[in-house]
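Please look through the structure below with a biochemist's eye, moving from individual side chains to the arrangement of strands and helices.

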Amino acid sequence: MSGRKSEATDQRPSLRMEDQQRSPGRRSRRAQGQTPLDRLLIDAVVDSQKGVVGALNERDLTSAVEEFISLNERRQQSYFLAGFRDALLDRPFDADMRADTERRARWYWTGAIQGLARTKSWARMVELYDATDTVRALGDGRGPASRMAGEHMAKALWRIGRTSDLHLFVGVRLARTPAVFQLLLDAGTESLRSHVPGVARTLFELLLAAGDSFKDDDPLIEHLPTVRRRMAHCLRLLGEHRGAETLLRSLLLDEGEPAIHTMVHADLGLLQGRFALLDEVRIPSEESERRDLVDRLKAGEDHYRNAVASPDATYASHGHYCLGVLSLADEKLGDHRFRIADTHFEKAHAEICGNREYPKSLLAHIDLYMGIAKSQLLDAAEIRHAARLIVSGLEGAEIPRPFVAPLVASLACSEESIEMVTGPLLESDSDEVLNALADSEILETHPSVAERLHRRARRQNRRPLLAAEDLRGALRGYLGVGNVEAAREILDELERRAFEGSGVSEFLEILSEQDRYGPAWDQEDAAFASVRCLEAMGEFSKALAILRRLFHKYISRSEFLNALDVLEQIEAYGLGEDDYVDLKQRYEALKPVEDSLGRGLGAPVKVLVVGGNETQERSAGQVTAKLADRDPQVTPDFVHTGWGSNWNKFLGEIEARVANCDAVVVMRFIRTQLGRHVRAICREGDVPWRTCGSGGQGGQVEAVLTVAGVARGMR
């Protein structure tokens, strides 16, 4: 029987004979009245089954066994050999033998069971149990046949997963034998740990019934306190708290070993706190549930303290664990609680974590809680130890939310420790853990943190403002680890969200500091992205301030096309001319003589216009007509990309059209990342380009004519 185990119990000396490696067909023969001739024939059967050189063949062996039985047919136990032979040599079991007297049948089936047990044919033994009344009766403990067969049949039922049949098969008299007593104790304990308390209860009741007749010098009597304690565990799991408490308190009155009293105190503490298992003592994340846990632990606190007062540390571990959890969860103790908790967890850890009988989940929680306590002691050596414990604990436990941020903050004091823990922390897939890591310096050194933030931002049910916050954290992380392409992707997404109204001020704040977006974007990318956001918000005066700086930058670098584009964009705002007249005057004073930007009639020129939304798409025909009036040799081509997030689908089309054009106009109403790609395509193809900040028809016409003139000048 398998299943999740509950807490381990005391480790008592084993009574099992299995470890002595004595074969079922050979042990205790003298004690069962077997003669030398019995033993010779048993050895002959074994040698024949093994194929030993010189062994009797099956025909001769059968004749020898039958002759031996016929020598004295009143000797019932001789029929043991027939059953043993049939089982080991895989012969059909003798139906006539089963119909004979009851005593003969018992000995025959005892031999058969011993033979099958020798080859560990557990399933076949259970088939006999189901099909044969005599086999089922061999558990009654009456006579040597039962004692010889009972243990093996009981073991078969247990091994095959029929533990619930043990109490039906094993009688009280058979249960008194050391091997069967230990088998029932092991099977009951396994059922208890596998959360099948009903089955365990029937087995412990059988053991207690067997113990009622033990004499004071019986070696099995020392195991009865363990049986009673585990019976109390069954009652606790079954919700029969009053019966469990009565049984446990009766154990305290016995003058037994102090170790039993120590464990019983811990059991009573759990019972007082309404805990079915030690593994249920866990710190929850919710505050109200945490307060309830503290109250429940305090209800049994006196018992836990009695348990840890024992000089026998081996059995005080349950009490130490409960007191450690109580200290860690009780915020009223302040920071002092971490030192108290650490002391208790150290002692619990020393005993519990070396015992494989405990459930993995309990071991994980001890490691985790001990790691949390140590992390808050602010000692360099303890923090490294805490990191190792937490990595181990996270394999089966989750960090309670209130401890996440303090834990990450403490571990971040040690680069080695936080690096060790970050991967396992992320595997917990906890939002609280990810938030804490995003607020720490590990974000800028561990790529996985930024990747998790980016992934979380894409959740369909993630609120827009929270998603934008995740993206800002991912941006910082990607820039920190030098992943420029991923950072550009994040900036593109932040730009889209800001344009839609999510996280606008935060995005503008990022764009105001170059070290928060570079080298993913350059200053001009950041400036125009800021301008677009401000325009969308109607903050034209703030947008003008940014454009003024760009204008003077372009003029000072003699980038007159760009300066003209900025000036046209400002004019499109419809502000008073006094706000930008100085810019117009500077442009007129410094622009090339004879308007050598290239305007005027000349050779045919094809210009690709990239960008714009539905408004520009509707006016494309009118722009084409106005260009025909101004310069019939200039032919425009349009790719209206809009502001959608799926701008990548346009790149292939744009690249193909650029190859067939003489110049390109890039509208300012375009995603920054798309604009970067378009400009890169133009540079690679040595195609002249200019931007156009105005979305109106006039602005587009002027931009197309200007870049067409440049293209003519390059021929």
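Which residue lies over the face of Phe 275? In this model, which is predicted rather than determined by experiment, the residue is Arg 296, placed at 4.1 Å from the ring centre of Phe 275.

Before going further, it helps to ask how far the model can be trusted. The protein chain averages a pLDDT of 87, and 92% of the residues score at least 70. Over residues 1–6, however, the pLDDT is below 50, although the model gives this stretch 25 contacts beyond near neighbours in sequence. Residues 8–31 likewise stay under 50, and for them the model has 62 contacts beyond four places in sequence. Among the secondary structure elements, confidence is lowest in helix 4 (residues 95–98), with a mean of 56, and highest in helix 16 (residues 287–299), with 97.

The aromatic side chains offer a second way into the fold, with ten aromatic pairs counted when ring centres lie within 6.5 Å. One of them joins Tyr 129 and Phe 169, whose rings are edge-to-face, 5.8 Å from centre to centre and with 80° between the planes. This pair links distant parts of the chain, since Tyr 129 belongs to helix 6 (residues 122–131) and Phe 169 to helix 9 (residues 166–169), 40 residues apart. Both partners are withdrawn from the surface: Tyr 129 counts as buried at 6% relative accessibility, and Phe 169 is buried with a relative accessible area of 3%.

A further pair is formed by Phe 345 and Tyr 369, whose ring centres are 6.1 Å apart and whose planes meet at 40°, so the pair is tilted. Here too the contact links distant parts of the chain, with Phe 345 in helix 19 (residues 336–352) and Tyr 369 in helix 20 (residues 360–375), 24 residues apart. Phe 345 is buried with a relative accessible area of 0%, and Tyr 369 is buried with 1%. Elsewhere, ring pairs link Phe 93, Tyr 108 and Trp 109 into a cluster.

What surrounds a buried acidic residue such as Asp 267? Asp 267 is placed in helix 15 (residues 258–272), and it counts as buried because its relative accessibility is 1%. Leaving aside neighbours within four places in sequence, Asp 267 is in contact with Arg 229, His 233, Arg 236 and Leu 248. The C-alpha atoms of Asp 267 and Ala 307 are separated by 9.4 Å, while the two residues are 40 apart along the chain.

Further along the chain, four strands form an open sheet in the order 2-1-3-4, with parallel pairing. Strand 2 (634–639) and strand 4 (689–692) stand at its edges, and because each has a single partner strand, one side of each is left without a neighbour in the sheet. Neighbouring strands of this sheet are turned against each other by 25° on average, direction ignored. Strand 1 (residues 605–610) pairs with strand 2 in the parallel sense over six bridges, and in strand 2 the bridge partner of Val 609 is Phe 638. Helix 35 (residues 651–658) lies across strand 1, strand 2 and strand 3 (663–667), and runs at about 170° to strand 2.

Note on methods. Residues are numbered from 1 along each chain as its sequence is written. Side-chain values use heavy atoms; hydrogens and water are left out. pLDDT is the predictor's confidence in each residue, from 0 to 100. Helices (H or I, at least four residues) and strands (E, at least two) are DSSP runs, numbered from the N terminus. Contact means heavy atoms within 4.5 Å. Two strands pair if DSSP finds at least two bridges between them. Axes are lines fitted to C-alpha atoms, for helices over the stretch in contact, and angles run from 0 to 180 degrees between N-to-C directions. Rings of Phe, Tyr and Trp (its six-membered ring) pair if their centres lie within 6.5 Å; planes under 30 degrees apart count as stacked, over 60 as edge-to-face and the rest as tilted. Buried means under 20% relative accessible area, exposed over 50%, partly exposed in between (1.4 Å probe, protein chains only). A charge sits over a ring if NZ of Lys or CZ of Arg is within 6 Å of the ring centre and within 35 degrees of the ring normal.
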